[in-house]
Every structure is written in structure tokens, then in C-alpha cells.
Amino acid sequence: AYDLPIIYVTTKDCEEVLKKDYYDCYVEMFNCPEEFEFTGKKAGIKLRGNSTADSQWVTSYPYRIKFDKKQNMLGLHEGKKYKSWLLLNPNGGQDYIVFNLARKIYETSTNFKYYASDCTFVHIYLNGEYILFYDSLCQFFKDINS
């Protein structure tokens, strides 16, 4: 019994995601409010980052999921839809704390319009294998076309 959203990713032929190239996949989201649940969304998944993705010492990798169509994920970013979403590797909740602190600071700014990523905690399964509890699912880059 999980108390966090679960993202289930299945790559074509259950290929391992080993490179920074996109692998075709289908994504499911469940164990969350019903309006955010979905199944069978076509996407691509790849390793994200340079030093993190290339490191032999990293036990869980950051991933980027790029949907074929813009998708809202768990109501993040006031419910806006984006094609690309990031799964950041676990680091004790530091990303979650920093992103949320930045959002609070930027919300109170009266002179400048700043941007900070929104994020939440999720569990990830890749090809049926439990990857890990991820610190955050977030959308890093503001989509200027949305």
C-alpha cells in the first residue's frame, strides 16, 4: 500500500533505459486523485543529465519523460500541460525543499517575475521493476508556447 502517486513506465520490448536517447514507452499514473490517473499514454523516456547519467557510482538515474501530447501531471504548475517532465534521482528530499522554498520566495517578489519548478514525490516502476522512491517529479523549463 503506497501513499504516494505511482508512475509505471513500460518501454518497447521492455528495453533497459541505458542511454541519453529516447526509448519509446507507455506511461501510466495511478494511486493519485482520480482526475490525474491515466493509462497508456505514449511517450519517450531517456536518461537525463551529464555527470549523473554517465556516472558508474549512481544507483538510481534521473530520467526525462517526453509525451507525444502535452500532459498535466498531478496538477503541478497550476494544472498546466507540458510535453516534458523530469524524474529526478533521490537525494533525501533536497530538490523538493529547494524548489518549494524558491516558489514561496518568488511568489512574494513584487519587482520581478521569477520562475521555479513545481514538484512532488512519486514512486517509479520501469518495466515492472520498482526503481525507487523519487524525490520529485517536476517540469523544469517553462513552456513559453502554452
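Trainee: Why is C25 called buried or exposed here, and which word fits?

Mentor: Buried means under 20% relative accessible area, exposed over 50% and partly exposed in between, with a 1.4 Å probe and protein chains only. C25 has 2% relative accessibility, so C25 counts as buried. Keep in mind that this is a predicted model, where local features need pLDDT of at least 70, side-chain atom pairs count only at pLDDT 80 or more, and totals for chains, interfaces and linings use all residues. Residues are numbered from 1 along each chain as its sequence is written, and side-chain values use heavy atoms, with hydrogens and water left out.

Trainee: Where is C25 found, and what does C25 touch?

Mentor: C25 is found in strand β2, residues 23-30; strands are DSSP runs of E with at least two residues, helices are runs of H or I with at least four, and both are numbered from the N terminus. Leaving out residues up to four places away in sequence, C25 touches V9, T10, T11, K41, K42, A43, G44 and I45, where a contact means heavy atoms within 4.5 Å. The C-alpha atoms of C25 and I45 are separated by 6.7 Å, although these residues are 20 apart along the chain.

Trainee: And K41, what makes K41 count as lying over the face of F38?

Mentor: A charge sits over a ring if NZ of Lys or CZ of Arg is within 6 Å of the ring centre and within 35 degrees of the ring normal. K41 lies over the face of F38 at 5.7 Å from the ring centre.

Trainee: The structure holds 4 aromatic pairs. Why is the pair of Y82 and W85 called edge-to-face?

Mentor: Rings of Phe, Tyr and Trp (its six-membered ring) pair if their centres lie within 6.5 Å; planes under 30 degrees apart count as stacked, over 60 as edge-to-face and the rest as tilted. The ring centres of Y82 and W85 are 5.8 Å apart and their planes stand at 80 degrees, so this pair is edge-to-face.

Trainee: How do you know whether Y82 and W85 are buried?

Mentor: By the relative accessible area: Y82 has 2%, so Y82 is buried, and W85 has 1%, so W85 is buried.

Trainee: What about L101 in helix α2, buried or exposed?

Mentor: L101, found in helix α2 (residues 94-107), has 52% relative accessibility, so L101 counts as exposed.
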